[in-house]
Structure formats: structure tokens, C-alpha cells
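Q: Please take a close look at the largest pocket. Then set it against the rest of the chain, with its sheets and its largest cavity.

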Amino acid sequence: MWLVKRMSVCPSSGAEQKHAMNRLWNPVLVCLLCLGAITQFAPPAMAQANATGQWQTLPYTMPINPIHVTLLNTGNVLVVSGSGNDPGNPNLQAAVWNPLAGTVTVQTVGFDMFCNGMITLPDGRVLIAGGTIAYTPAFLGSSQASIYDPVNNTFTNQPAMAHGRWYPSVTTLPNGSVMVFSGLTETGPTNSTYEFYTLGSGWSPAYAAPWTPPLYPRMHVLPNGNLFYSGLGPSSNLFNPSTNTWTLNVATTNYDAMRLYGSSVLLPLTPGNNYDPRVMILGGGTTTTPATATTEIIDLGAANPKWVYGPNMSAPRIEMDATILPNGKVLALGGSVNDENAATASLNADLYDPNANSFSPAGTEAFARLYHTVSLLMPDATVWVAGGNPNQGNYEPHMEVYSPPYLFNADGSLATRPTITSLSTSKLGWGGAFTVQTPDAANISSVVLMRDGSSTHAFDFDQRYVGLSFTSGSGVLNVTAPPNANIAPPGYYMLFILNSSGVPSVASFVQFSANPTAQSPTGKITSPASNVMVAAGKSVSFAASGTDPNPGGTISSYYWSFYGGNPSSSTLANPVVTYPTPGTYSAQLTVTDNLGLTDPHPPTLTITVPDFSLAVSPNSNAVTPGSATTSTITVTAGGGFTGNVNLSASGLPPGATAAFSPTAVTNSGSSTMTISTSALVALGAYSVAVTASNGPITHTATFLLEVISPGGTPAINLASGFSAAGMQLNGNAHLVGTDFSLRIQQR
């Protein structure tokens with residue numbers, strides 16, 4: 001249960017906690033949220049909790065738009081907003097929410113990660129693929145990628161993908177690679193290629209799919225290792241990652257329209273059902289037609305899989321979320337009848353029971369959850385819900401937590417939960433045995449794995465329920481892990497035990513690995529020894545080493561990522577990299593050992609390529625033929641820049657020349673630009689490009705040269721603004737400040 005008393009919003013710089021609310025949680029609020037489900041004949045609100053669960057609004061808000069969220073193996077939640085669906089927002093941000101401390105720590109990110117694909121890698125770090133490079137006139141996708149490390153709370157930019165991806169899906173495969181598919185490219189069309197990101201080797205080539213997917217396609221890994229595409233459209237497809245082939249149109253939904261922003265869930269995989277894969281799709285609609293309340297289910301273990309209608313939800317839902325619980329039920333929440341329309345919001349939540357194939361009420365949310373709503377199963381077996389952003393520039397900051405019925409007794413009091421005292425190991429292998437120490441062993445009915453979720457845009461890329469076989473002993477559960485990585489792909493899971501009443505414990509985190517008893521290698525960047533500054537166009541020599549703590553272990557390969565460098569990646573132990581463009585970049589080393597294990601916290605150096613700025617003052621002037629004008633050219637060094645900056649000018653009319661004194665500026669300083677004209681120079685206005693260059697660095701500023709006849713008046717430069725001094729405004733001309741208006745009357 002959520003007993004957080006207060007919160008604070010902590011900028012990562014350690015600055016004053018500006019957004020601290022420090023409001024005490026009022027338990028009465030929890031009861032009030034349930035009133036919508038109570039009738040005059042119903043028992044008191046608390047007594048309903050064991051039937052419908054209970055919604056609680058947290059006593060603090062989310063300071064950034066929570067568009068993408070991922071549960072970390074620390075129990076915290078990574079929140080990525082980027083520009084936050086606000087094209088005027090210059091602050092590109094992410095945050096970490098600590099639910100136990102009640103804090104949200106905000107930091108900036110290196111590119112606009114709005115509308116990316118985000119998923120946890122097998123080593124516990126988080127991959128962010130794609131994002132936004134333009135809102136208008138149409139959304140364009142970024143090819144950039146980054147990895148977040150929860151241990152040191154840093155984002156490290158990675159080599160770019162082949163092309164941009166805005167609204168891509170990401171899926172962890174049984175071999176530990178991540179498949180990235182779909183999204184809008186940097187030029188606008190849908191990216192119908194897919195790429196694989198693998199720890200220790202980076203990006204694969206881009207492969208062309210034989211079909212054009214929708215944005216954010218709903219993908220699930222099946223127990224046979226294939227990926228199943230369940231929508232948004234009526235046709236369902238399969239992808240075999242082993243052969244890199246697609247099988248199209250394997251099934252067709254009964255609902256013959258798009259299920260845009262509906263959801264999709266892989267139902268529980270258990271030894272009892274022989275890990276039979278059944279997928280459920282819920283709700284959805286279009287941006288112009290009402291949503292549907294229908295659901296459909298397909299049994300992909302059947303000889304001829306077909307979609308069949310399931311029960312209807314209590315309300316139509318578009319922009320909904322669906323989160324699977326440790327008891328196997330699915331919480332369907334949020335959305336609305338009409339897309340992004342709070343007046344038609346579906347506040348009532350539903351619980352789907354796969355065994356009974358029916359929905360039951362799950363209480364009422366306090367806030368409309370529409371576009372950009374997210375939901376995650378948390379380690380205490382509650383569901384965290386946040387966001388809602390139907391209009392650009394604002395979002396719903398309130399967060400809610402749903403406590404399912406299994407956490408309550410019949411009288412509404414809190415149920416006694418089983419406890420996990422310890423695990424024999426937190427690093428598991430497929431098919432192996434491990435033990436769970438618990439004083440409640442004799443009363444445990446199920447042991448389940450719940451994969452850490454990653455939610456955005458009405459879908460959780462990574463959630464997964466895997467049941468486990470076990471036997472009970474004295475104070476111990478003897479548990480057998482899933483048989484292979486197709487059923488439980490590598491990475492982090494929450495392990496829950498549930499008692500005979502269906503009450504879950506608080507989870508313990510476990511990690512699946514192909515070599516669970518081995519330790520990970522450690523890489524070291526031996527050269528440069530520390531962060532380095534290098535001039536644009538110059539090179540840096542890198543050197544690597546690594547240690548492997550396993551008996552007979554050796555380092556088998558090196559993988560460097562050089563975002564901003566040339567090359568952008570390398571498998572050499574000692575590569576040489578050129579940095580052609582000013583900026584701040586990361587160089588990261590990942591070593592792999594002879595068991596295929598990689599360093600989960602690879603070392604990183606910062607490479608700074610300094611720059612300078614250019615200014616021209618004044619940036620315009622008028623001359624008569626045969627005369628000259630001057631302007632001051634100022635070069636300002638930034639970030640440690642040193643060197644000679646050469647000056648030149650272009651765009652002059654015939655009969656005009658430019659001279660600089662001095663012709664170059666060292667580091668920082670000024671030069672006088674003199675533009676001289678001959679008596680034959682043509683009258684007119686000319687845009688002169690003033691260029692400052694140092695090696696590959698070039699900056700350009702514009703000087704407007706006006707050549708006027710003797711006694712003439714300079715033209716008005718509307719772009720630069722002007723004053724009324726020396727200007728006669730007659731008739732219908734008006735000047736207010738620097739705004740000039742002219743009314744023209746037709747006669």
C-alpha cells in the first residue's frame with residue numbers, strides 16, 4: 001500500500017527543491033474516490049475494496065509530462081518526456097520517480113525523446129530509441145538513441161539508427177536483442193524497416209519488412225520464439241527472428257475497423273496451461289469515430305488460430321491502458337468514447353478474469369486518462385497511473401494508485417500479505433531450480449514472475465506474466481524456473497508469491513541470464529585517462545582493457561560507441577576517432593567475455609569539442625556609390641576554444657569590396673570590416689554573408705548593405721524594427737513602438 005507522506009521535486013543539479021508540496025496524505029480522500037461506485041444499498045466504501053479495489057490520488061504531482069515510463073529494477077520509475085508534446089518547450093527533460101521517498105528528480109536529456117520507443121535492456125539499463133526532430137508542418141522522427149543507467153542516473157547517447165523513428169515499437173527478443181520497428185522517418189514516411197540493438201555490438205543493419213506497419217505496432221514474444229503483431233489493424237502477422245522472415249495475414253479480427261490507441265495483452269503463461277499463448281486486444285477506435293468497448297482473444301497455440309470476441313468492457317475506450325496483475329487478471333482503465341475528449345472519459349475501470357472470461361468493476365478513477373496516459377504494475381502489487389495530455393502544452397499532473405481487491409479483507413481492512421524472507425539467488429537461469437524462503441510456505445498457492453513494464457501510448461512493450469512450478473517445504477518454496485528464454489526473455493522480473501486467498505507478497509527482483517552463476521566482466525578506458533577536450537577536426541586515440549572474474553574467463557570483444565565521432569562505433573581495442581563538429585559527446589566502452597556476458601555499467605568519457613560565436617554590429621548600413629561603411633565583427637570563444645578565426649565576406653555587388661582589420665582573430669576579439677564601393681556600383685540592397693572559419697568550424701552572419709543615390713533615404717528594414725526618429729508618418733501610416741502599420745484604401 002502507498003503510505004508516502006510527502007514529496008519533493010529535486011532537480012538533478014541538487015538545487016533547491018522548488019516544487020516540494022509537503023502535503024500530508026489524507027486517508028479520507030481515498031474513501032471519497034470510491035463514492036462513484038456506491039449506491040444507497042451498497043455497504044460502506046471500505047467494505048467494497050475487496051470487490052472493486054481502491055483508487056488513491058497521491059498527495060503530490062508529476063512535474064513533467066509522463067509520456068514514457070519504465071519500471072527500474074531499483075523499484076523506481078524512469079519518466080521520459082522530452083519536449084512533452086509542447087513544440088514551444090525548450091526544456092528537454094526526464095525524471096526518476098522514487099515512490100518510497102515520494103520524490104521526483106528531474107534532469108535534462110540530450111535530444112528530444114518525445115514519442116520514442118523505450119524498453120529495459122537485459123542488464124537493467126534502459127534503451128531509448130528515436131524521438132522528435134519536428135512538430136510542424138508534420139511530425140518527423142529522430143534517428144538518435146540513448147541508454148539510461150539507473151546506477152549512476154545518466155543518459156549516454158549511442159550511435160544513431162539508420163533512419164528516424166517517431167512512434168516506434170521496441171521488443172526484447174529471446175536472445176536478449178531489442179527489435180525496433182516502425183515510426184516516422186526524418187523525412188516523414190513510415191519507417192517499414194526494423195533494426196536490432198544488441199549489448200556489446202550495437203545496431204544491426206536495417207532490414208526491410210514486406211509490409212508497412214502502423215505506428216507503435218503491438219508486438220508480443222510467443223513461447224515458440226516468434227513475434228506476434230496484434231494490431232492496430234484487422235490483419236495479424238508473425239515474425240520469426242531466427243530466420244528473419246514474416247508470415248502475413250495469419251488471422252483477421254472480427255472488429256473490422258482500426259483499434260487505434262486500444263491495448264493488447266499477452267495473457268498468463270503458466271505450466272498449468274502448457275504456456276499456451278493467448279493474446280487479448282481491447283478497445284480502440286479512430287480519431288474521428290467513437291471507440292469500441294469490445295475485446296477479442298486469439299489462442300495462438302491452436303491449430304488454426306482465430307480471433308473470437310471476448311466480453312465487453314464497461315465503456316468504450318480509446319487512449320486506454322491495460323495492465324496485467326500478479327493474480328493473472330487484467331486491469332483495463334482510462335480512455336474515452338471520443339478521442340481526446342474528457343467529456344466522454346471512461347472513468348470506471350474494469351478487471352478481466354481470464355479463467356472466467358468476464359469483466360468485473362474495478363472502481364472509479366478521479367481524473368480523465370486520455371492521450372499519453374501510462375500505467376505500470378509496481379513491486380507492491382499496486383498499479384500506478386499517470387498522465388493524460390489531450391492538448392498540446394498542458395497535461396494532467398495528478399497521479400493515482402490502484403490497489404486491487406486482493407489487498408483487502410471482506411471488511412475493507414488490509415489483508416495480511418505473505419512475505420519473502422530471501423531468495424537462494426536473484427540471478428536465474430532457464431530450467432534451473434532455486435528456493436524462496438518464506439514463513440508462509442505452507443499457504444502459498446502460486447509463484448509468478450512479472451516482467452518489469454514499459455508503458456506509453458496505450459501499450460506496455462514489456463509486461464509479461466509467467467507462472468512457475470514449485471513445491472512447499474518447511475519455510476521454503478522449491479521453485480523451477482521457466483524452461484527457456486522464449487517463455488521468459490532475459491532481463492529483470494518481479495517475483496511474487498500469492499497465498500491461498502490470492503493475496504500477493506511485495507515482489508523481489510530477479511534477473512534471467514544465460515549464465516546465472518557467472519559474474520559480469522568489467523571494462524576500463526585506459527586512454528585517455530580522463531575527460532578530454534579536442535579541437536574540431538582533430539582525433540582522439542582510445543585504448544581499452546578489461547577484466548573477467550570468472551575462472552578461465554577472458555575478454556573476447558570490445559565495443560565502443562562514439563556519438564558525434566567518426567567512426568560512430570568501433571570493435572577495435574584501440575581505435576582512433578575524429579570529432580568534426582563542436583559539441584559535447586560521450587565515448588563508451590562495453591567489453592564482452594568468453595561467456596557472452598557484457599559489462600552492465602560500461603565506463604564513459606566526455607569529449608568536448610569547443611566552439612566560438614560570431615556577431616556583426618551594426619548589421620546594416622547605407623552608402624552612396626564611391627563611399628565606404630564599417631562594421632565591427634566580434635568573435636567570442638566558448639568552452640575552451642583556442643585558435644585563429646579567419647574572416648571573409650561574400651554576396652557583395654560588383655564594384656564593392658570588403659577588407660578586415662585584422663584579417664583573423666585569435667581566440668576571442670574584434671575586427672573592423674570595411675566595405676568600399678566604386679562610383680559605378682549599382683543601387684540596391686545586398687545581403688552580405690560574413691563568414692568566420694577555423695578548420696571545419698564555420699559560422700556566418702548577415703550584413704545588409706544598401707547602396708543609395710546621393711541625397712537618398714535608406715530603405716526601411718522591417719525585419720530589424722525601427723523608430724519614428726527622422727521618419728514622417730502621414731495619412732494612414734502608424735508607428736506603435738516598433739510595429740509599423742499601413743492601411744491602403746482602394747479608390
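A: **The largest pocket and its surroundings**

The largest pocket has a volume of about 570 Å³. Of its 30 lining residues, Pro 122, Asp 123, Leu 199, Leu 597 and Thr 598 are the closest to its centre. By class, the lining has 13 nonpolar, 14 polar and three charged residues. Here Ala, Val, Leu, Ile, Met, Phe, Trp, Tyr, Cys and Pro count as nonpolar, Asp, Glu, Lys and Arg as charged, and the others, Gly among them, as polar.

This is a predicted model: local features need pLDDT of at least 70, side-chain atom pairs count only at pLDDT 80 or more, and totals for chains, interfaces and linings use all residues. Residues are numbered from 1 along each chain as its sequence is written, and side-chain values use heavy atoms, with hydrogens and water left out.

Rolling a probe the size of a water molecule over the atoms shows where empty space is left. On a 1 Å grid over the protein atoms alone, a pocket is an open set of points with protein on both sides within 12 Å along at least five of seven lines; a cavity is a set where a 1.4 Å probe fits but cannot get out; lining residues have an atom within 4 Å of a point. Grid points are joined across faces, edges and corners, and a volume is the space filled by probe spheres set on the points.

Now the cavities. The structure holds eight of 30 Å³ or more. The largest cavity has a volume of about 120 Å³. It is lined by 13 residues, and Val 221, Phe 461, Asp 462, Gln 463 and Arg 464 lie nearest its centre. Five of the lining residues are nonpolar, four polar and four charged. Strands E13 (169–172) and E18 (219–221) each supply at least two of them. E18 gives the most, with three residues.

Next, the chain as a whole. It has two helices and 62 strands (DSSP runs numbered from the N terminus: helices are H or I of at least four residues, strands are E of at least two). Of its 747 residues, 53% are buried (under 20% relative accessible area; exposed is over 50%, partly exposed in between; 1.4 Å probe, protein chains only). Contact means heavy atoms within 4.5 Å. Of the contacts with a separation of 6 or more, 58% are between residues 24 or more positions apart.

Two open sheets follow. One has five strands in the order E44-E51-E50-E47-E48, with mixed pairing (two strands pair if DSSP finds at least two bridges between them). Strands E44 (532–533) and E48 (569–570) stand at the edges with a single partner strand each, so one side of each has no neighbour in the sheet. Inside this sheet, E50 (residues 583–593) and E51 (residues 604–609) run antiparallel and are joined by six bridges. Thr 584 stands opposite Thr 608 in E51.

Ser 586 also belongs to E50. It is buried, with a relative accessible area of 17%. Leaving out residues up to four places away in sequence, Ser 586 touches Thr 156, Ser 561, Phe 562, Tyr 563, Thr 604 and Leu 605.

The other sheet has eight strands in the order E33-E35-E40-E39-E36-E41-E42-E34, again with mixed pairing. Its edge strands, E33 (422–423) and E34 (427–428), each pair on one side only. E33 meets E35 (residues 433–437) in the antiparallel sense over two bridges. Ser 422 has Gln 437 of E35 as its bridge partner.
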